[in-house]
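This briefing covers a metal site and a pair of packed helices. The sequence and structure are shown first.

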Amino acid sequence: MGTLIKNGTIVTAENEFTGDIYLDGETIAKIGKDIVPQDGDEVIDASGKYVLPGGVDQHVHFSFTYKGSKVRGFETSNAAALGGTTTVIEFVNQEKGKGLIETVEDYKKTDADGISMVDYAFHLVMVDPRDEVIDEIPKLAEAGYPTMKLFMAYKGQFFHADDDAILKALQKGKETGVTIMVHAENADMIDVATNQLIAEGKTGPYYHAVSRPTVVEAEATRRAIYLAEMADAPIYIVHVTCREALEEVKAAYSRGQKVFGETCAHYLVLDEQDLNRPGYEGAKYVCSPALRTEEHRNALWEAVDRKQLNAISSDHCGFDYEHQKHMGYGEGKSFADIPNGCPSLQNRLNILWTYGVEEGKISRQRLVDLYATSPAKINGLDKKGQLEVGYDADVVIFDPAYEGVISYETNLEGVDYSPFEGFRQKGRPETVFLRGKKIVDDAKYIGDKGDGKFIKGKPYGAAYRW
Ligand code: URP
Ligand code: ZN
Ligand code: ZN
């Protein structure tokens, strides 16, 4: 028994056309016109709707811990499904004393397998750059984890990485096609500014942005690019947020260097003044790098449209407001104690459609590329992110006519706020298939715990090939 989706507008990263798409078991079996159903097939009329590939969110935190406070985990991954994302890639911090592969495989068994409601893959985060660990990097490729991230920011935290670790990772990674990613912010600049602000009594959430201006991101982006040049390896810059960092990426790319990057939905629509909201509301918007101004948002929209950035992720962090974002509140506390990161797993596609496609900033094809196709290619997920025969039957039927308002009360992230609360929403994923199984129907999640499966990534992802 298959599923035939008829008369939808099928959107790929390259084009769009009206047609039918036939899902046979877990796979896309046919795309064309006037496909005839077999006995027992479900037939869905998608007239007036868009048919998109299921999204690939390559920057998700289901295990991130900030100063002892932990985000919601894979038990909330149905929020991804409801938002049209059928594959997530989670960052797993290496545990001190354990190897990279041992860490991720332990985590996978206890926290993802049998729990996740969408398909999943992992990036390793190296926190313990001993020689044996560096030597393990090439083995990630064969084990199905062909990407690794290092945090240039977060001085004093166990996951901060120095330049020597980054350079060695780049050198080792390229031996077998492992793509190295960096969170690019200068940790020392942030540390000095943070201490000075706190000494001056400037402790509220807004000073989070003051402590890490754009120069902090630009400097680290440039440094990461030079480290990659020395290693003669590609590099991927996660969450690019500002014009100055973009200039570094663009300049390196035009010099012929393989420098790739993403931005995230919240950097495209939220403003640093959100950190100044009354009461302690500003804490909801503490994420790193910090939110920017309109000038930077315009530069980001232009960059994603012109293919100068390659993906739009969520950087989802399920910290709640009441108990976790308040960690910076009170005597002796400051913005530096507020857990970094915002929940946005469910609204990535909604934000990109409403504020990107509907406002003419990006085309539907570009949206598909940024939210599904390129992230799959960058991470070596060769059956994901595309509506093509032989690919996984991860499909979204998107209703462009829907009009609503985003609220945490109607989402599944399990967090007590949304940074997009009250945002107008145009269009929504109405039906979602995960490898041929319907997991969202009439915009309601109907799947089961454990529907998601682990997807091995292949090495030499797109950053090696472009
Ligand atoms: O603020 C953020 N982005 N938190 C999550 C960890 C990271 O830096 O990506
Ligand atoms: Zn980061
Ligand atoms: Zn992140």
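What arrangement do the 4 donor atoms form around the zinc ion (ligand 3)? The arrangement is tetrahedral, because the 4 donor atoms subtend angles of 87 to 132°, and four donors count as tetrahedral if all angles lie between 85 and 135 degrees. This is a predicted model, in which local features need pLDDT of at least 70 and side-chain atom pairs count only at pLDDT 80 or more. Residues are numbered from 1 along each chain, and ligands are numbered from 1 in the order in which they are written.

**Zinc site**
- H59 (NE2), H61 (NE2) and D315 (OD) are the protein donors of the zinc ion (ligand 3), at 2.0 to 2.1 Å; donors are N, O and S atoms within 2.8 Å of the metal (3.2 Å for Na, K and Ca).
- Along the chain, the donors of this zinc ion follow the spacing H-x1-H-x253-D.
- H61 lies in strand β6 (residues 55–61) and D315 in the loop between β15 (311–313) and β16 (316–317), so the pair ties together parts that are 254 residues apart in sequence; strands are DSSP runs (E) of at least two residues and helices (H or I) of at least four.
- H61 is buried, with a relative accessible area of 5%, and D315 is buried at 7%; buried means under 20% (1.4 Å probe, protein chains only).
- The zinc ion (ligand 3) and the zinc ion (ligand 2) are separated by 3.7 Å.

**Helix packing**
- Helix α11 (residues 348–357) packs against helix α12 (residues 364–378) at an angle of about 150°, with the axes 11 Å apart.
- That angle makes α11 roughly antiparallel to α12, a term for angles over 145 degrees.
- R348, L349, L352, W353 and V357 in α11 meet R364, L367, L370 and Y371 in α12, where contact means heavy atoms within 4.5 Å.

Conventions
Heavy atoms only, no water. Tetrahedral: all angles 85-135°; square planar, octahedral: opposite > 155°, others 65-115°. Buried < 20%, exposed > 50% of the residue type's maximum accessible area, 1.4 Å probe, protein only. Axes fitted to C-alpha atoms, helices over the stretch in contact; angles between N-to-C directions. Parallel < 35°, antiparallel > 145°, perpendicular 65-115°, else oblique.
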